[in-house]
Every structure is written in C-alpha cells, then in structure tokens.
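Good morning, and thank you for making time for this item. I should like to take the group through one structure, beginning with a detail and then widening the view.

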Amino acid sequence: CLLGDKVRAVKPFDLISIPAWTWHQFRATGNEKLGFLCMVNRERDKPQLPSEQDLAALVANPEVAAFLASSG
C-alpha cells in the first residue's frame, strides 16, 4: 500500500485510514488476490491523478519510486 510518501505492508483485515487529499494506491503481491472496501463521499471525493509535479515529488523517495515502478 502506498500511503502518502510511505509504502506499507498490509494483511487481511487491516484497516487503512487515508487522510483527505493523500496519494494512495493498493496492490496485491505475486499471485495474491486483493479486495478492499472503500467508503468515500462520491460527490466530494472524485478520483484524480497526480500532476507531473506531484509525481516527481513522490518518486523522489526511492521506496515510493520502486513501488510505483513495480505496478506493471
């Protein structure tokens, strides 16, 4: 799980709370399956991609850069 500028391991039944406007991404590893329940205000919390500046700031962290590069 990418949460802001940190990469964290998650396991079944973990609860991840994501602060507003924090970049995040979930990914299964290997052949594992991943499912999650996401509760948001659909009117207020519309998905958006990072800008070039946001992405540059994220990949400045080597751990985050490696996580994003492994997305396939």
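Let me begin with a question: does Phe-13 count as buried or exposed, and at what relative accessibility? Before I answer, please note that this is a predicted model. The answer is that Phe-13 counts as exposed, because its relative accessibility is 86%. To locate the residue, please look at the loop that runs between strand E2, residues 6–7, and strand E3, residues 24–25; Phe-13 lies there. Its backbone also deserves a remark. Most residues other than glycine have a negative phi. Phe-13 is not a glycine, yet its phi is positive, at about 75 degrees.

The loop between E2 and E3 also holds Trp-21. Here, too, phi is positive although the residue is not a glycine, with a value of about 60 degrees. Trp-21 has a relative accessibility of 66%, and since the cut-off for exposed is over 50%, Trp-21 therefore counts as exposed. Thus this loop carries two aromatic side chains for us to look at, Phe-13 and Trp-21.

I turn now to the cysteines, a matter that may interest those at the bench. How many disulfides does the structure hold? The number is 0. Cys-1 takes part in no disulfide, and the nearest cysteine sulfur to it, which belongs to Cys-38, is 11 Å away. Cys-38 is likewise in no disulfide, its nearest cysteine sulfur being that of Cys-1, at 11 Å. A pair would have to come within 2.5 Å to be counted as a disulfide. As to its surroundings, Cys-1 is buried, because its relative accessible area is 6%, and the limit for buried is under 20%.

Let us step back to the whole chain. The protein has 2 helices and 3 strands, and from the N terminus their order is β-β-β-α-α. Along the principal axes, the C-alpha trace spans about 35 × 30 × 20 Å. Of the 72 residues, 11% are buried. Among contacts between residues at least 6 apart in sequence, 47% join residues at least 24 apart.

Finally, the surface and the charges. The protein exposes about 6,300 Å², of which carbon and sulfur atoms supply 57%. There are 8 positive and 8 negative charges, and the mean positions of these two sets are 6 Å apart.

That concludes my presentation, and I thank you for your attention.

Note on methods
Residues are numbered from 1 along each chain as its sequence is written. This is a predicted model: local features need pLDDT of at least 70, side-chain atom pairs count only at pLDDT 80 or more; totals for chains, interfaces and linings use all residues. Side-chain values use heavy atoms; hydrogens and water are left out. Helices (H or I, at least four residues) and strands (E, at least two) are DSSP runs, numbered from the N terminus. Buried means under 20% relative accessible area, exposed over 50%, partly exposed in between (1.4 Å probe, protein chains only). Contact means heavy atoms within 4.5 Å. Accessible areas come from the Shrake-Rupley method with a 1.4 Å probe; for residues, only the protein chains shown count as cover. Lys and Arg count as positive and Asp and Glu as negative; His and the chain ends are not counted. The place of a charge is taken as NZ of Lys, CZ of Arg, CG of Asp or CD of Glu.
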